[in-house]
Amino acid sequence: MTTTAPSYLADTHTGLPLPGDAEFAGPAEERRYRKQRLAAALRLFGKYGFGEGISGHISVRDPEFPETFWVNPFGVSFKRVTVGDLIRVDSEGVVVEGRHKVNPSAFVIHSAIHELSPGAEAAAHGHTAHSRALGSLGRLLEPIDQESAAFYGKQVLYGDYEGPSVAVEMGREIAEKLGDNRAILLRYHGLITVGGSLEEAVHWFFTYNSCAEVQLLALAAGTPENMSHEQATAAGDGFGDAQLGRFSFQLLWDEIVHEQPDLLDE
């Protein structure tokens, strides 16, 4: 017997009416698209308080020259960065496009991730209060709600802190530890999330950070009860869907471009 899905369910993995991926006429059009969303992501980091002085960076591969990546420049506030401020960096740390300098930590971390994780089109890193607090406990997210289940079996803790990440060897260690996971929590440091698109990587960062806050609140109030393996797997299948992650960023894009259209200045 064949059954048809209810009319209110869309023909997607989640049943949600999610649009497909954007299509481009060529690499120049896709490059502009990625740069605009990178600038928007950085402004969102600023808006939601993810800035910590010079720390924090988001990167995305160049669509035509994938051995290089676009990233925010050193010394430009998340709240002020524009498309025109972004820089393109090669595998040796040379700025091949753009007028600013590269943050050494941005180079050693992001270059290694992009080299060792072919599926990581983008990576987001920040020193948020909740990720630092959770990392200080040496604990990863536990499946105590639907959102945290997006990271069930897809996160790892890096505890080998040796100071600020400015050595190439440390960047490679972090990237190797990350493997094919979605997130790596750096003890005494912060959080890195990756994705098959910039939209995914940034959405996972926002979600992980909010889940860290929920977990810390729950631990302060009592002893939270984790989902079962079956429950966490089912929740993660929906809330961890890549297409949902991409579309969820679109809502943030609409929000920040409406509020701060100058971010698109080239």
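**Exercise 1: S131 and T128**

Place S131 in its helix, decide if it is buried or exposed, and find its polar partner.

*Solution.*
- Step 1: S131 sits in helix α3. Helices here are DSSP runs of H or I with at least four residues, strands are E runs with at least two, and both are numbered from the N terminus. A word on the model before going on: it is predicted, so local features need pLDDT of at least 70 and side-chain atom pairs count only at pLDDT 80 or more, while totals for chains, interfaces and linings use all residues. Residues are numbered from 1 along each chain as its sequence is written, and side-chain values use heavy atoms, with hydrogens and water left out.
- Step 2: with a relative accessible area of 0%, S131 is buried. The scale is under 20% for buried, over 50% for exposed and partly exposed in between, using a 1.4 Å probe and protein chains only.
- Step 3: the polar partner is T128, side chain to side chain, at 2.7 Å. That label takes a pair of N or O atoms within 3.5 Å; within protein, one must be able to donate a hydrogen and the other to accept it, and residues adjacent in sequence count only if both atoms are side-chain atoms.
- Step 4: now look at T128, in the loop between β5 and α3 (129-136). T128 has 3% relative accessibility, so it counts as buried too.
- Step 5: leave out neighbours up to four places away in sequence, and S131 touches G126, L185, G190, L191, N209 and A212. On the same terms, T128 is in contact with F50, F205 and N209. Contact means heavy atoms within 4.5 Å.

**Exercise 2: the sheet**

Write down the strand order of the open sheet, then say which strands stand at its edges.

*Solution.*
- Step 1: the eight strands run β4-β3-β2-β1-β5-β8-β7-β6, with mixed pairing. Two strands pair if DSSP finds at least two bridges between them.
- Step 2: β4 (95-97) and β6 (155-158) are the edge strands; each has a single partner, so one side of each is left without a neighbour in the sheet. From one strand to the next, the twist averages 25°.
- Step 3: check the pairing sense. β2 (residues 69-71) and β3 (residues 87-89) are antiparallel over three bridges, with F69 partnered by V89. β6 and β7 are parallel over four bridges, whereas β7 and β8 run antiparallel, joined by four bridges.
- Step 4: follow L185 in β7. L157 stands opposite L185, and in β8 the bridge partner of L185 is L191.
- Step 5: sort the side chains of β7. A183 and L185 point one way, I184 and L186 the other, and all are buried.

**Exercise 3: helix α5 and the cores**

Find the strands that α5 lies across, and the element that gives the largest share of the largest nonpolar core.

*Solution.*
- Step 1: α5 (residues 198-221) lies across β1 (57-61), β5 (122-126), β6, β7 (183-186) and β8 (190-195), and runs at about 145° to β8. Axes are lines fitted to C-alpha atoms, for helices over the stretch in contact, and angles between N-to-C directions run from 0 to 180 degrees.
- Step 2: the largest nonpolar core has 40 residues, and L38, F45, I58, L198, V202 and Y208 have the most contacts inside it. Such a core is a set of buried Ala, Val, Leu, Ile, Met, Phe, Trp, Tyr and Cys residues joined through side-chain atoms within 4.5 Å.
- Step 3: α1 (27-47), β1, β5, β7, α5 and α7 (242-259) each supply at least two of its residues. The largest share, ten residues, comes from α5.
- Step 4: another core lies apart from this one; it has 23 residues, including V108, V156, A175 and I192.

**Exercise 4: aromatic rings**

Classify the ring pairs Y48–F206 and F50–F206.

*Solution.*
- Step 1: rings of Phe, Tyr and Trp (its six-membered ring) pair if their centres lie within 6.5 Å; planes under 30 degrees apart are stacked, over 60 edge-to-face, and the rest tilted. By this rule there are eleven aromatic pairs.
- Step 2: Y48 and F206 have ring centres 5.4 Å apart and planes at 85°, so they are edge-to-face. Y48 is in the loop between α1 and β1 and F206 in helix α5, so the pair ties together parts 158 residues apart in sequence.
- Step 3: check exposure. Y48 is partly exposed at 37% relative accessibility, while F206 is buried at 13%.
- Step 4: F50 and F206 are tilted, with 5.1 Å centre to centre and 55° between the planes.
- Step 5: ring pairs link F45, Y48, F50, F78, F205 and F206 into a cluster.
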